Amino acid sequence: MQPRRSALLHFLALALAGLAPHCPGQTTLNFDATPDRVWIGRDWWANRLQDWRVQNGRLECVEAGKNLPMRTAHCLTQTLGARNGDAEISVRLGPIDPAAALGPHAAAGLLLGAGGIGIDPRLTAQVHHVPAEDGGMVILVERDGKISIRRNDQPLENTPLWAINTPLGPDQLPLLGDGMVTPVARQGDEYTLVVRIVHGQTKSRVAARVQDEGGNVLYFAIAEVDPALTDGSIALVSTGGPEGSPSGFWFDDLTTTGSLVSTRADRAFGPVWHTMYLRDQSTIRLTAQLPPLAPLGAPADAIQLPDAELWVEDDGWRKITTAPVVPDSWTATFQLEHWDTGRDIPYEVRFAEPTTTDAPLDGARRGLFRAAPDATQRDYVIGSLSCNKTYTGGLKWNRFGLWFPHDDLVAHLAAQNPDLLFFAGDQIYEGDLTPADRRNEDLACLDYLYKWTKWCWAFGPLTADRPTVAIPDDHDVFHGNLWGAGGRRAEAHDGLTAQDSGGYVMSPRFVNMVHRTQTSNLPPPKIDPVVGDGYTTYTTSFTDAGVSFAVFSDREFKESPSVAVPAGKFRNGWPQAEGFDPATQADDPAIPLLGAQQEQFLHEWAADWSHGAWMKFALSQSPLAAAHTLPASAKDDEIVGRLPSLAPGEYPSDDVPVADADTNGWPHTGRQRAVEALREGFAFHLAGDQHLATLIRYGLDDWRDASICLTSPAIANTWPRRWYPTQEGANRAEGRAPQHRRLHRRLRQQDHHARRRRPHHLRRRARPPLRQGPRLRDRPTPRRRPLLHRRGLAPLGRSHRRWRRLLRRMARDAPSIRQLRPILEPLPPPHHLQPPGRLHPRSPPRGSRNPALHHPALRRVHPQSPRRGPMADDRHRRLHRPRPPRANRRGPRSRRR
């Protein structure tokens, strides 16, 4: 026994020597002043939001399920550096229910060194559940008090593709240093875990010990590890718990000190998570997203919170308005009337976070109310996005395994400097990285907020300083496909699933909460604000810089095909009945798509050209067409994820257009009415949902006789739809490329595909440089082609000699600047920018002596056909008169000669 005792004392001496008293600079994070609530504080990020809470002045993990191990709470403001030095981290911990026997995999402790240099700390904050590359290491106190040091960067086999829900025990993590007992070792209800790290040139020493309440060392462990395992985040870990109990472990008094520890107060997140605003002429509506600041299940009337405050910097900071915080969605919405839109004005949303003391913690999020752009002087730029996701297989805790926080995309989008951002839906996916939590309404709301907050964290720098429209789609409300059926609550019946029966699977409370988080910055709805079983709407319109926008929902009123066309035996939008022809048998004029109220709204909006509107855009979730193909043998789209990616130039031999009733090619008659309403206003349609970029010219009575629709590509393309029609396109122009097709598709819409971006299998390439937008001012200007090519007006491939000839010819025909100066002010906009059926408000009536109406610069524009375009009657003749003789084309000076 003597040699064993000597060895034990020898290792104990080494461990205690490495854990000697340390230098000053100590930081302690505790929860003494934090009231009982779900959100654990601005210094922390919890995985998941509903798995943690602050209770009785300490942090508690309330999730101990076997499929949800390794719950983590990352300290955002404390990190470990890569330089030489040392650090000491300690934390108090214990089981929440000390009287219950702990399960076989119960453990708690610290996660250290996840992430590192070059990895966004927001991404590192997502590390939890399973090990993967850049996952760091864990120091765990197991159920008997024994300590172990284990790797968390060795990936498991067969990691799920959609959500990680794999059971995991601590013994599945490779061991770096096993725990040893001391002569005074015993089990207890409360422990203090102390970890000391010393960086060397090639190795780092990690020494850990477990102490009881009296400071006695019960267990200890030491290990020499790669320095990369100790460079990165500091987080708390709880896995498992008492048998039969939903609760895990509690934590308090996280203390850090040493030269390796960096304090980054700028990384704190909250209490204002996000701001998003929209400008409607001189009115601004802004929504601020706050965290859940009450205990789980607290009644709304019992929650007492201060109002959020909106401050602006206008000759000094001043408060201009306040707004209450709405529970469930935890949003505060401000409205500013008669706002000065002619200049940039910084703003802050401030909130006094309640504490258990008399001193609240102030917090703020800053943004910028931008001046309205002058669309007559430059382009109006819209950034259109949809379908945001964090993860799809191949888990790594770095940018090669997670898309979040989309820093490349955000940087490129910021470089384009858009005037308006449009997020067309699927801002979250219900099963993204973590499975959807539908155990009850309270947990479902928190699960949505956990996923929605990641979207806020990624895109908040963009939405804070430019107008933004974000509308929910099916996955935002926890659906695979959604047929809202006018706001009906979905119930399974007659062999149909709840989703196929039509309506919303989730309750009105949940769906309305989602609507508030994403759409409460929009103007009030222009249709009934509540429909069906109590579901809110957001259909509305607004005008910015003369651009009139309509926002409508193509999901909320649409009926389910399984209910509307029972003969087709539709399942998840796909007909399964043998011999059923969806092109001829699936339509009925009574089947709603947009619903009567939205159709009437669109017609009224299309005819309204007030407030100086010169262009119209319609914004919705999905295009009014079925714009993808599948192999002819496919009866549904379950095959999409298994289809091989094709190399450039390859083309499948058996793809056909699909009859997917989830798309808005169905119902046909409702789709025709919607397209007709858009055509009345010459509206350009922006949508998302389809994952691949699509440019479509809608057709009604003939090819290309209606609006243009642009479907944005997915932020994260996890469902690679494709467009490979094998039929010869009808009426295809001579010499057109194969992708230019005119087809009657299986759902009968008549459209023209101008271009489709297809999925290809490509090798990974180096990250391209930022593409620079036309109005980028803060970056070096690249070499550009001459003059008008910057705006896409110059034909590609034109030689410089021909280009100079063209410029000289234009110069001969144009009057001089001196001659133009007297008439530039009253000059009306170009004919294609004028509203239908009326002259521009600035244009004088017919017969006026204003020279702008008779200037040669206007006469050179070819008159528009009276049968097409905005000037659909004979009024086009007022602005476009016959060309003058050649001698008079240079104006008064040429006549004098």
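Is cysteine 75 buried or exposed? In this predicted model, cysteine 75 counts as buried because its relative accessibility is 3%, and buried means under 20%. The legends below begin with this residue and its surroundings.

**Figure 1. Cysteine 75 and cysteine 456 are buried, and the structure holds 0 disulfides.**
Cysteine 456 has a relative accessibility of 0%, so this residue also counts as buried. A search of the whole structure finds 0 disulfides. Cysteine 75 reappears in the next view, where it is one of the residues touched by tryptophan 44.

**Figure 2. Tryptophan 44 is a buried residue of strand 2.**
Strand 2 covers residues 44-47, and tryptophan 44 lies in it. The relative accessible area of tryptophan 44 is 6%, which means that the residue is buried. When residues up to four places away in sequence are not counted, tryptophan 44 touches Leu29, Phe31, Ala73, His74, Cys75, Leu76, Leu236 and Leu254. The view may also include arginine 267, which is 223 residues from tryptophan 44 in sequence, while their C-alpha atoms are 9.6 Å apart in space.

**Figure 3. Strands 18, 19 and 22 form an open antiparallel sheet.**
The order of the 3 strands is 18-19-22. Strand 18 (274-280) and strand 22 (331-336) stand at the edges; each has a single partner strand, so one side of each is left without a neighbour in the sheet. From one strand to the next, the twist averages 15°. Helix 4 packs on this sheet and touches strand 18 and strand 19, and its direction makes about 60° with that of strand 18. Strand 19 (residues 283-289) is joined to strand 22 by 6 bridges, and the two run antiparallel. Within this pairing, leucine 286 has phenylalanine 334 of strand 22 as its bridge partner.

**Figure 4. Strand 18 and strand 19 form a hairpin.**
The two strands pair in the antiparallel sense over 7 bridges. One bridge links leucine 278 to arginine 285 in strand 19. There are 2 residues between the strands, and glutamine 281 in the turn has a positive phi of about 55°. Strand 18 is mostly covered, with 7 of its 7 residues buried. His274, Met276, Leu278 and Asp280 point one way from strand 18, whereas Thr275, Tyr277 and Arg279 point the other way. The residues on both sides are all buried.

**Figure 5. Helix 3 packs against helix 4.**
Helix 3 comprises residues 407-416 and helix 4 comprises residues 441-463. Their axes are 10 Å apart and make an angle of about 10°, so helix 3 is roughly parallel to helix 4. Helix 3 contributes Leu409, Val410, Leu413 and Ala414 to the contact, and helix 4 contributes Ala458, Phe459 and Leu462. Classed by residue type, the contact has 7 nonpolar, no polar and no charged residues.

**Figure 6. A second view of sheet structure shows 4 strands in the order 21-20-23-24.**
This sheet is open and its pairing is antiparallel. Strand 21 (317-323) and strand 24 (361-369) are the edge strands, and each pairs on one side only. The twist averages 25° from one strand to the next. Strand 20 (residues 308-313) pairs with strand 21 in the antiparallel sense over 6 bridges. In strand 21, alanine 323 is the bridge partner of alanine 308. In general, the strands of a sheet pair through backbone hydrogen bonds, either parallel or antiparallel.

Technical notes: Residues numbered from 1 in each chain as written. Predicted model: local features only at pLDDT ≥ 70, side-chain atom pairs only at ≥ 80, totals over all residues. Heavy atoms only, no water. Disulfide = S-S within 2.5 Å. Buried < 20%, exposed > 50% of the residue type's maximum accessible area, 1.4 Å probe, protein only. Axes fitted to C-alpha atoms, helices over the stretch in contact; angles between N-to-C directions. Parallel < 35°, antiparallel > 145°, perpendicular 65-115°, else oblique. Contact = heavy atoms within 4.5 Å. Nonpolar A, V, L, I, M, F, W, Y, C, P; charged D, E, K, R; others polar. Pairing = 2+ DSSP bridges.
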